[in-house]
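The following report concerns cysteine pairing and enclosed space. Please consult the sequence and the structure shown here.

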Amino acid sequence: MSDLLQLSAVEARAALASKKCTATELTQSYLDAAVQTEALNNYVQLTHDKALEMAAASDVRLQAGTAGPLEGIPLGVKDLFCTEGVETTACSAILKGFVPPYESTVTSKLWADGAVMLGKLNCDEFAMGSANETSVFGPAVNPWSDSNGPNLAAGGSSGGSASAIAAQSALLATGTDTGGSIRQPAAFCGVVGMKPTYGRCSRWGIVAFASSLDQAGPFARTVADSALMFSSMAGFDAKDSTSANSPLPDLASAMAAGVKGMKIGIPVEYQRDGMDAAITTLWEQGQEWLKDAGAEIVPISLPHTAYALPCYYIIAPAEASSNLARYDGVRYGQRVEEGGSLDDMYEASRAAGFGEEVQRRILIGTYALSAGYYDAYYLKAQKVRRLIRNDFDAAFADVDAILTPTTPSVAFPLGVKQDDPITMYLNDVFTVPANLAGIPGISVPAGLSSDGLPLGLQVLSGAFCEEKMYQVAQVIETQSGFSGAPQRAAGRANS
Amino acid sequence: MSNLVQGQTGEWEVVIGMEVHAQVTSDSKLFSGSSTAFGAGPNQNVSLVDAAMPGMLPVINGTCVRQAIKTGLGLKADINLTSVFDRKNYFYADLPQGYQISQFKHPIVGEGVLTIELSDGSSHVIGIERLHLEQDAGKSLHDQHPSKSYIDLNRSGVALMEIVSKPDLRSAEQAGAYIKKLRSILRYLGTCDGNMEEGSLRADVNVSVRKPGAPLGTRTETKNLNSVRFIMQSIDAEVERQIEVIEGGGEIFQETRLFDTSTGMTRAMRSKEDAHDYRYFPDPDLLPLTFTQNYVDQIAAELPELPDDLRVRMVNDYGLSSYDAAVLTEERETALFYEKASIGRDRKIVANWMSVELFGALNKAGKTLAESPITPVALGELVDLITDGTISGRIAKDVFADMFETGKAAANIIESKGLKQVSDTGAIEAMIDKVIAENQDKVDEYRNGKDKLFGFFVGQTMKLSGGQANPGMVNQLLKNKLK
């Protein structure tokens, strides 16, 4: 039944509605695909029984005519989302064995709309990383990797989500994006990844990395699937004080409308030296597609772009250093008892429980918030953040959306950037500004590099204007005719 | 009255500032829906948020915000329409989040004032620096296991108001008056129950000494004092220690100290060098706290009359002494009792009966006003029976004692015991005649100029009447008869 894996979510919904297949069949196909592509290490836990139970319940509802918008759609969950009764570790040793007695708001909403949980997906430890290499379970592998060559990074932090969507072992997947953790792996794996406006999706029940930047979003194979899933995830939640009570725009009509008459901004600051030529070419190509579809291309300036990355690497670690203080081995997760005192236990538990990158960021963040350094680092970074947001506000006063590359490079082999955190951080150079500004961004696969690796274009729009972003993304998807078929997807011989 | 303390090298001035932690009266915690009820079993009032489970988020409790605004208004303070919650980061077993959510740079309430009255009749205006909202931590129990500490998170996340005074206090007595007055205001407002035994009100006291006119000395902070007596004792002990150290050629270090209630001394807990770097920063889980002036005005309009205003009204309108007014307004319950008992009557007489007889009896019986066997109405009725001449003041004391004992109404007691005052001229004259007849020798002495004997005749007559004769009439009639 591997042909079931070829259906998009929108198509699968139609197939389920017209009884061409059952949710159980569809789910079983995905569970099989996940087992078949196990080597990609994108699942950290397959919830086989739960998936089939949920699929059976979906079949009952499909039969009864009470199907939800995502009824019977098999969906993977980044291991950062707390899932009731299912171990949730944030891919960190310190949370090993933690089984939440509660379900995150976002996943609750997805289940309420009928989605079927396949399992928990790999990610960087506490979502800190750009290659999924900091996971305690080891890296997720990019299914575009040549089986004869080195394994390529799926990207991060939501590497497992992107890898599973591309490998066709999940039809939809959740991700979180703090500095590009949805969009960058989506670009690397040739799938659609979207970070909503900050406040659109509740953060309740998601293991926090950097609270003012974290935002959950959908992974999908098509722009329409992405919009479908986003509509289920989003919504005001009184349990999250930063949740926005703003009605969701009509995405379907926006996507059907095309881009005729829209103004698309091209930020001059995103043209970087040393960027892959293929990426520059694709970016120009994207502008042509939009022009052909009737949009007006306008050069714009986002003058503070260069400061986004350093600013991010102050704010995110600062918040993380505080958010991760609760992992002390006392109430949940892994405890290491060494020495006699409480402080000894804290130190031993945290030293053993946190990986190198997480420790690095806790230290950076602790330093940035320290007395005497706060003004120079954290406060200054917050001021820069405001300037970056002002840049976007000014831009969106003039243009409807902004088009940029998603990443400055294609997927790189695993291991090569591990020793150099700064080079690794540069992966996020085009994605971080949207997090700092709180605006939505989507990465759409739009072409291949000369090595046959996928490349993504990023569309940004103003806060709470996701419809404009989807409007442009839909045109790029259509015009590019990208049909991602990675070598190691399920059903392929050499996967 | 001078507040200066005499040392070996001359006089010293004491400078005190207080940080009071007042638990906000609210059914649920500052950022979670957990109950705040006192006395629950360990870890019974703990939500996922209070236990800092992964992915949990704080949501501000509007009631606590309202209470803080109300308190700010009661302290005549500036109310900040925008304030910010910060994280105060430190590791401790009873702090599950690894940080306390507090307000650091932008508190909800700014500068205000509080007026204290001292026993010498002087009053002092003490500046309030700020009031902010913050979470309480849990409790570590060290006596449950030989080598382990147990943690009770019931208090974790409970809303506190930290009320910081300016360094305007100059003596232990002033500090005591300050905490009493603050407690009184909080209780009038209903924003904190003021129960110091249960930990609803705790104070950190900053103390320094200096030669009069000199710049401020180095201060120490004595933490977590939970009674007025301990606050005052700790200040006296700390002042004495500081003067001794300085006069002995030593130096005072900025440090945190603990008051040992068994020795009555303070001892060092941690020095400034060991002080935490709390790494304050705005809590990214919470938006700045904002509300409108209109909202503040609404709360202001519903504010109850506060002790200062009430006291002034009692002095000006009721004619009470400043002291009586202060006693009657210290507790809201007392003031309400008094209002009920005295309305439509001689306010001064009722005030007197309350502050002398009723408080005396309650004290002796170890009862609070709320447990008084005599209701405000019953006390008022007793006063009525005095003022209308039904009983004398002296008889009234017996009636009062009976009322206190049995809870019966004064009229019933007077009726059943036949204590009604004798105001019949004929009956009193008959008694006087009898006394004169039986004490003819004394009558002669009196008439020969020994005026002092008049009291003897009054006493004998009253005794003969069983205390029931109207004393005014006895006086008058005796004077006539003895002429």
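Why does C189(A) form no bond with the closest cysteine sulfur, in C123(A)? The two sulfur atoms lie 14 Å apart, which is too far for a bond. This is a predicted model, in which local features need pLDDT of at least 70 and side-chain atom pairs pLDDT 80 or more, whereas totals for chains, interfaces and linings use all residues. Residues are numbered from 1 along each chain as its sequence is written, chains are lettered from A and ligands numbered from 1 in the order in which they are written, and side-chain values use heavy atoms, without hydrogens and water.

**Cysteines**

Over all chains the structure holds 0 disulfides, a disulfide being a pair of cysteine sulfur atoms within 2.5 Å. For C91(A), the closest cysteine sulfur is also that of C123(A), at 3.7 Å, too far for a bond. C91(A) is buried, at 0% relative accessibility; buried means under 20% relative accessible area with a 1.4 Å probe, protein chains only. C189(A) is likewise buried, at 0%.

**Cavities**

The model has 6 cavities of 30 Å³ or more. A cavity is a set of points, on a 1 Å grid over the protein atoms alone, where a 1.4 Å probe fits but cannot get out; lining residues have an atom within 4 Å of a point.

| Cavity | Volume | Lining by class |
|---|---|---|
| Largest | about 80 Å³ | 5 nonpolar, 2 polar and 2 charged residues |
| Second largest | about 70 Å³ | 5 nonpolar, 4 polar and 2 charged residues |

The lining of the largest cavity includes R326(A), Y327(A), M56(B) and D285(B). Among the residues lining the second largest cavity are D50(B), Y99(B), Q135(B) and D136(B).

Definitions and conventions:
Buried means under 20% relative accessible area, exposed over 50%, partly exposed in between (1.4 Å probe, protein chains only). On a 1 Å grid over the protein atoms alone, a cavity is a set of points where a 1.4 Å probe fits but cannot get out, and a pocket is an open set with protein on both sides within 12 Å along at least five of seven lines; lining residues have an atom within 4 Å of a point. Grid points are joined across faces, edges and corners, and a volume is the space filled by probe spheres set on the points. Ala, Val, Leu, Ile, Met, Phe, Trp, Tyr, Cys and Pro count as nonpolar, Asp, Glu, Lys and Arg as charged, and the others, Gly among them, as polar.
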